[in-house]
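This briefing introduces a protein structure for a reader who is new to the subject. Please look through the sequence and the structure before reading the notes that follow.

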Amino acid sequence: MLLGALVAGAQESAKMWCGDANVELSAGVVGEASDHKYCAVGVAGSYGLLLKEKFYVGLGLKPSYIFSSGDHEGFFMPIYGEFRYHFFEHGKFGIFGIARGGYSPVERRGAYAHLGCGVNYKRWQFGIGTSYQYAKFQEDWFNEIVDLDYNLVFSTISVGYRF
């Protein structure tokens, strides 16, 4: 409902349609992600509306691969809604906060979330944050298939380009 109101109100005040693409590297920091040394690499891209030069609302896709040292690995592709707030923009520099929420519907299914912040320099952006990915893995334990639920929490760094 909030997204609908923002988009409806954006028709008059929208500065422009825009997007970004970011390469993200992540390392597990809590629970199973830390215990099994999970890491992830992915490309997050979103496209949406920049409203009143401060608020960005868009949709995104993040194909990524999560791997570990001897535990479960897999391909994730969260589809998410993204909200970004530009706290400060002056000349070539800017500071922003970002929030994403979504779901990975392929191979390794599960909820996805990301909270972070970053800086812009011209069209380049550099970010840090925390990502969460729920995952359900199947494993064969003594000829019995067992479902394992993993809550993976990552520390994430990113480098991207705004267009």
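Apart from its neighbours within four places in sequence, Phe137 is in contact with Tyr38, His72, Glu73, Arg108, Val146, Asp147, Leu148 and Tyr150. The model is a predicted one. The points below place Phe137 within a nonpolar core and then turn to the pairing of strands.

**The nonpolar core**

- Phe137 is one of eleven residues in the largest nonpolar core.
- The other members of this core are Ala33, Tyr38, Ala40, Ile66, Phe76, Ala135, Leu148, Tyr150, Leu152 and Phe154.
- Two elements, β9 and β10 (144–162), each give two or more residues to this core.
- The greatest contribution comes from β10, with four residues.

**Strands β7 and β8**

- Strand β7 (residues 93–104) and strand β8 (residues 110–121) run antiparallel and are joined by twelve bridges.
- Within this pairing, Arg100 has His114 in β8 as its bridge partner.
- The hairpin of β7 and β8 has five residues between the strands, and Glu107 in this hairpin takes a positive phi near 35 degrees.

**Strands β8 and β9**

- Strand β9 (residues 124–141) pairs with β8 in the antiparallel sense, over ten bridges.
- Tyr132 in β9 stands opposite Ala113.
- The hairpin of β8 and β9 has two residues between the strands, and Lys122 in this hairpin takes a positive phi near 55 degrees.

Conventions: Residues are numbered from 1 along each chain as its sequence is written. This is a predicted model: local features need pLDDT of at least 70, side-chain atom pairs count only at pLDDT 80 or more; totals for chains, interfaces and linings use all residues. Side-chain values use heavy atoms; hydrogens and water are left out. Two strands pair if DSSP finds at least two bridges between them. A nonpolar core is a set of buried Ala, Val, Leu, Ile, Met, Phe, Trp, Tyr and Cys residues joined through side-chain atoms within 4.5 Å. Buried means under 20% relative accessible area, exposed over 50%, partly exposed in between (1.4 Å probe, protein chains only). Contact means heavy atoms within 4.5 Å.
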